[in-house]
Structure formats: C-alpha cells, structure tokens
Amino acid sequence: LVKPDPDPLQDYCIADTKTPQSFFCNGAPCIDPAQAKASHFTTSALSKPGNTRGNPFGFNVTLANIRNLPGLNTLGLTMARVDIAADGLIPPHAHPRASEPSIPDDILKKAYQINGQDVTKIRKNLGG
C-alpha cells in the first residue's frame, strides 16, 4: 500500500535557515513571503561533480535540500545529482513514495542484461 503526502497548505514556504528552530513541523519555519527572492529557488549544489571513489560501487548522490535550496521547503520535492564512475554500479532499488516514472521492461532487460522473469522478480520485490 502506497500513500502520497497530503497537498501542501500553501504554494511555497521558503525555509528560514538562519533562525534556530525552536519547534518542529513538516519542514522548517517559513520566512515572510514578502522577503522571497529568486535566489531562494536556485542552487549551485547540483552543478559540482561528486566523489565517485567514496564507496565501493563507484557512485555519488548529491541532494538538494532546504539548506542549499530553501524554496524546496514543504513542497514534497527532492532533487538529486547522481555521478557514476566509468565502471560504477547503482544496484536496483525502489523509492516507495516517489513519483519517478516507471522504466519499461525492455530497457531493464537491456541495461541489466536480464530476461523477462528477472524483470518480473525485480518488479515484485521492489514495487516497480
């Protein structure tokens, strides 16, 4: 059973990352909407390559979060940059509450050099 997050109560809530958080809510407290700037909705965090030598699989994931992209606060969105080394591997996995597009069976067969039965097992076990 998969349940989505509820719709946000407002269009945007730019995270106040400067004030110490004294209470906890879904995300961080908001700044005054009148103080919103374009820079709250941009980041350079995803423009820099990650260290693919940091783990045995040869990949690195760099996430955008409210510290480097305050405009993401309470939107239920995640953005990431994935860097893969020449011989790197990202094991098959699932993100149960995500809205990622489904990968067609033919692509899975060719990318992982597997047959239709293996694809069925992957989809059954990983919810894809």
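**Entry 1: overall make-up**

I began with burial across the protein chain, and I noted that buried residues make up 16% of its 128 residues. The model I am reading is a predicted one, and I keep that in mind for every value below. For the accessible surface of the protein chain I wrote down about 10000 Å², with carbon and sulfur atoms supplying 56% of it. I then listed the secondary structure and found two helices and two strands, which follow the pattern β-β-α-α when the protein chain is read along its sequence. I also looked up how contacts are spread along the sequence: among those between residues at least 6 apart, 49% join residues at least 24 apart.

**Entry 2: the disulfide**

How many disulfides does a search of the whole structure find? My search of the whole structure returned one, and it joins Cys13 to Cys30 with an S to S distance of 1.7 Å. I looked up the torsion about the S-S bond of Cys13 and Cys30, which is about -100 degrees, and I therefore recorded the disulfide as left-handed. Both Cys13 and Cys30 lie in the segment before β1, so the pair ties together parts that are 17 residues apart in sequence. Is Cys13 buried or exposed? I entered Cys13 as buried because its relative accessibility is 2%, whereas Cys30, at 37% relative accessibility, went down as partly exposed.

**Entry 3: aromatic pairs**

Next I looked for rings that pair, and the count came to two aromatic pairs. For Tyr12 and Phe41 I noted ring centres 5.8 Å apart and planes at 85 degrees, so I labelled the pair edge-to-face; the cut-off that matters here is an angle over 60 degrees. This pair links distant parts of the chain, since Tyr12 and Phe41 both sit in the segment before β1 but are 29 residues apart. I checked the accessibility of each partner as well: Tyr12 counts as partly exposed at 38% relative accessibility, and Phe41 is partly exposed with a relative accessible area of 40%.

The other entry on my list is the pair of Phe57 and Phe59, which is tilted, with 6.4 Å from centre to centre and 40 degrees between the planes. Here I found that the partners fall into separate classes, because Phe57 is partly exposed at 39% relative accessibility, while Phe59 is buried with a relative accessible area of 18%.

**Entry 4: a nonpolar patch on the strands**

Which residues form the nonpolar patch on the surface? I wrote down Val61, Leu63, Val82 and Ile84, which together have about 340 Å² of accessible area. Tracing them back to the strands, I saw that β1 (59-64) and β2 (79-84) each supply at least two residues of this patch. I followed up Val61 in particular, whose place is in strand β1, and I classed Val61 as partly exposed because its relative accessibility is 42%.

**Entry 5: positive phi values**

I then went through the backbone torsions, bearing in mind that most residues other than glycine have a negative phi. Thr74 departs from that, with a phi near 65 degrees, a positive value in a residue other than glycine. I located Thr74 in the loop between β1 and β2, and with a relative accessible area of 24% Thr74 is partly exposed. I made a similar note for Gln113, which has a positive phi of about 50 degrees although it is not a glycine. Gln113 is found in the loop between α1 (105-112) and α2 (116-126), and I recorded Gln113 as exposed because its relative accessible area is 72%.

**Entry 6: Val119 and its neighbours**

My last look-up was Val119, which lies in helix α2. At 1% relative accessibility Val119 counts as buried, the cut-off for that class being under 20%. What does Val119 touch, not counting residues up to four places away in sequence? I listed Asp105, Leu108, Lys109 and Ile114. For Lys109 I also took the backbone distance: the C-alpha atoms of Val119 and Lys109 are separated by 7.0 Å, with the two residues 10 apart along the chain.

Note on methods
Residues are numbered from 1 along each chain as its sequence is written. This is a predicted model: local features need pLDDT of at least 70, side-chain atom pairs count only at pLDDT 80 or more; totals for chains, interfaces and linings use all residues. Side-chain values use heavy atoms; hydrogens and water are left out. Patches are made of residues with over 30% relative accessible area and no salt bridge: like charges are joined within 9 Å, nonpolar side chains (Val, Leu, Ile, Met, Phe, Trp, Tyr) within 5 Å. Accessible areas come from the Shrake-Rupley method with a 1.4 Å probe; for residues, only the protein chains shown count as cover. A salt bridge is a side-chain nitrogen of Lys or Arg within 4 Å of a carboxyl oxygen of Asp or Glu. Helices (H or I, at least four residues) and strands (E, at least two) are DSSP runs, numbered from the N terminus. Buried means under 20% relative accessible area, exposed over 50%, partly exposed in between (1.4 Å probe, protein chains only). Contact means heavy atoms within 4.5 Å. A disulfide is a pair of cysteine sulfur atoms within 2.5 Å. Rings of Phe, Tyr and Trp (its six-membered ring) pair if their centres lie within 6.5 Å; planes under 30 degrees apart count as stacked, over 60 as edge-to-face and the rest as tilted.
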